[in-house]
Structure formats: structure tokens, C-alpha cells
Amino acid sequence: YPVLFDERIAASLIGHLLAAANGSSIARGASWLRGRLGQQVLPKGLSLIEDPHRPRTSGSRPFDAEGLPTQRRVIVEDGMLTGWTLDLVSARKLGMAPTGNAARGTSSAPSPSNWNVALDQGTASRDDLIRDMGTGLLVTSMIGATINPNTGDYSRGAAGMWIENGEITHAVNECTIAGSLPEMLRALVPANDARTHLSRVVPSLLVPGMTLAGS
């Protein structure tokens with residue numbers, strides 16, 4: 001069935017993509033994106049941009065935890081993956097230049113992290129996508145996760161609203177949605193309802209086909 005991720009939780013899908021593009025995971029060989037640099041990971045026409053210099057945003061900073069200057073960069077351009085998220089250690093392991101993305105906790109060594117990110121929005125509203133999807137699931141909350149970092153196999157508990165003939169009919173609780181992250185991300189259809197003041201600007205996202213289970 002088609003599955004529409006509500007704007008409040010759609011950033012989790014992009015979060016899985018960012019985690020797979022993390023230089024630490026790439027260096028360990030524990031990412032389904034390994035070997036896919038320069039390949040299509042999102043639909044053509046969609047770009048994912050990181051901008052740590054946005055004013056009055058929680059993810060903004062002039063330099064990272066290793067003192068390197070941060071910069072605006074395009075992580076995915078026109079659907080194509082353009083680079084990894086790197087700190088000094090992961091960059092050295094991969095033989096690449098750091099991207100100024102080191103983050104540090106109070107008692108931990110630096111590790112790669114993303115700052116403000118924004119996914120291109122579509123032209124349709126969430127209601128338009130609900131109408132056009134016909135029969136499927138609108139997901140409004142997620143429960144737990146089983147995601148294989150090496151293959152991208154995706155399975156999560158979910159709750160939301162069931163859609164019949166383009167209209168919401170009833171609530172759905174404790175179901176499971178499953179699919180393959182690489183295929184899901186390459187088929188995304190974005191809405192136009194992202195909240196631009198957030199650190200992660202991601203609209204509602206429609207995945208045209210997923211496996212659903214539950215009573």
C-alpha cells in the first residue's frame with residue numbers, strides 16, 4: 001500500500017539517509033550507502049542541503065567541535081549523492097577532506113553529525129497526496145525500529161489513519177510498515193507543508209509502496 005509519512009515524523013526517513021551517509025559508518029563498512037557516492041538516492045529533482053549558517057536556528061554554528069569552519073553544502077543534488085558527512089578521523093580513514101561536521105559530547109570524542117538540513121518541497125499539499133494515494137496509510141507516529149544498516153531493510157511499528165478512496169476513514173494502531181530504504185527513498189513524493197523554522201525542514205513524504213501488517 002502507499003504510505004504517507006506526516007510532516008511531524010517525515011524527518012525520520014531523511015534521518016536514516018543522513019545516518020547512512022555518516023563518514024564513521026562508511027569507514028566501518030556498516031552502511032547500505034557504501035559504494036554509492038555519485039549514484040541516485042532520491043528522485044530526480046530533489047536536493048538535500050545542509051546550511052549551518054541559517055540565522056536563529058538550533059543547528060547553526062560557525063565552526064564544528066574540532067574548530068573547523070562550517071559551510072553550506074549539498075548532500076544530495078538532483079537526486080544524486082554528492083558526499084559523506086566527515087570529521088577529521090573519518091576523513092583521514094577515507095582519504096578525503098573533512099566537511100566541518102564534528103560534534104562532541106561532554107565525555108565523548110568527536111564524531112560526524114549533521115547541522116541544519118532541508119529537503120526540497122513538492123508542489124502538492126498533504127491533502128492532495130491523501131486524495132491521490134487512494135487506499136493506504138497516513139502515519140502519524142512511530143513505535144520502535146528494526147533497520148539493518150548494511151542492507152537498508154526497514155521495519156517499524158506505526159500508528160495513524162487509514163485512507164480509503166482518498167479519504168480518512170478510521171484510526172489505525174499497532175501496525176508494522178516494512179520496505180527497503182534505498183527503494184523507498186528513490187520513490188519519495190514530497191508535499192509542500194514543511195515548517196521552515198525547524199532545524200530539519202522536511203515536508204510530508206509519500207512512499208508509493210510498502211508492506212503493511214497488523215490487525
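This section describes the sheet, the helices packed on it, the nonpolar cores and the salt bridges of a predicted model.

The strand order β11-β13-β1-β8-β9-β10-β14 defines an open sheet of seven strands in which the pairing is mixed. Its edges are formed by β11 (189-190) and β14 (211-213); each has a single partner strand, so one side of each is left without a neighbour in the sheet. At the β11 edge, the partner is β13 (residues 205-207), which runs antiparallel to β11 and is joined to it by two bridges. Within this pair, Pro190 is placed opposite Leu205 of β13.

Helix α4 (residues 126-133) packs on the sheet, where it touches β1, β8, β9, β11 and β13. The direction of α4 makes about 170° with that of β1. Helix α1 (residues 7-20) lies across β1 (3-5), β8 (136-147), β9 (153-164) and β13, and runs at about 45° to β8.

The residues of α4 are divided between a buried side and an exposed face. Leu129, Ile130 and Met133 are the buried residues of the helix. These residues cover an arc of only 100° around the axis, which puts them on the same side of α4. The cover over them includes β1, β8, β9, β11 and β13. Asp127 and Asp132 are exposed and are carried on the face of α4 that is turned away from the buried side. Just after the helix, Gly134 adopts a positive phi of about 75°.

The largest nonpolar core has 42 residues, among which Phe5 and Leu33 touch the most other members. Helix α1 gives the most to this core, contributing seven residues. With residues up to four places away in sequence not counted, the contacts of Phe5 are Ala10, Leu13, Val139, Met142, Tyr154, Ile177, Ser204, Leu205, Val207 and Met210. A second core, separate from this one, consists of nine residues, including Met133, Leu138, Ile163 and Leu206. Met133 is also one of the buried residues of α4.

Seven salt bridges are present in the structure. In one of them, the side chains of Asp6 and Arg126 meet at 2.5 Å, N to O. Asp6 is located in the loop between β1 and α1 and Arg126 in helix α4, so the pair ties together parts that are 120 residues apart in sequence. Asp6 is buried, its relative accessible area being 7%, whereas Arg126, at 25% relative accessibility, is partly exposed. Salt bridges with shared partners join Asp6, Arg8 and Arg126 into one network.

Another salt bridge is formed by Arg195 and Glu7, with the closest N and O atoms 2.9 Å apart. This pair links distant parts of the chain: Arg195 is in the loop between β11 and β12 (200-201) and Glu7 is in helix α1, 188 residues apart. Glu7 is buried at 11% relative accessibility, while Arg195, with a relative accessible area of 36%, is partly exposed.

Helix α4 also holds a salt bridge between Arg131 and Asp128, whose closest N and O atoms are 3.0 Å apart. The two residues are three residues apart in helix α4 and are therefore separated by about one helical turn. Asp128 is partly exposed, with 23% relative accessibility.

Methods
Residues are numbered from 1 along each chain as its sequence is written. This is a predicted model: local features need pLDDT of at least 70, side-chain atom pairs count only at pLDDT 80 or more; totals for chains, interfaces and linings use all residues. Side-chain values use heavy atoms; hydrogens and water are left out. Two strands pair if DSSP finds at least two bridges between them. Helices (H or I, at least four residues) and strands (E, at least two) are DSSP runs, numbered from the N terminus. Contact means heavy atoms within 4.5 Å. Axes are lines fitted to C-alpha atoms, for helices over the stretch in contact, and angles run from 0 to 180 degrees between N-to-C directions. Buried means under 20% relative accessible area, exposed over 50%, partly exposed in between (1.4 Å probe, protein chains only). The arc is that of the directions from the helix axis to the C-beta atoms. A nonpolar core is a set of buried Ala, Val, Leu, Ile, Met, Phe, Trp, Tyr and Cys residues joined through side-chain atoms within 4.5 Å. A salt bridge is a side-chain nitrogen of Lys or Arg within 4 Å of a carboxyl oxygen of Asp or Glu.
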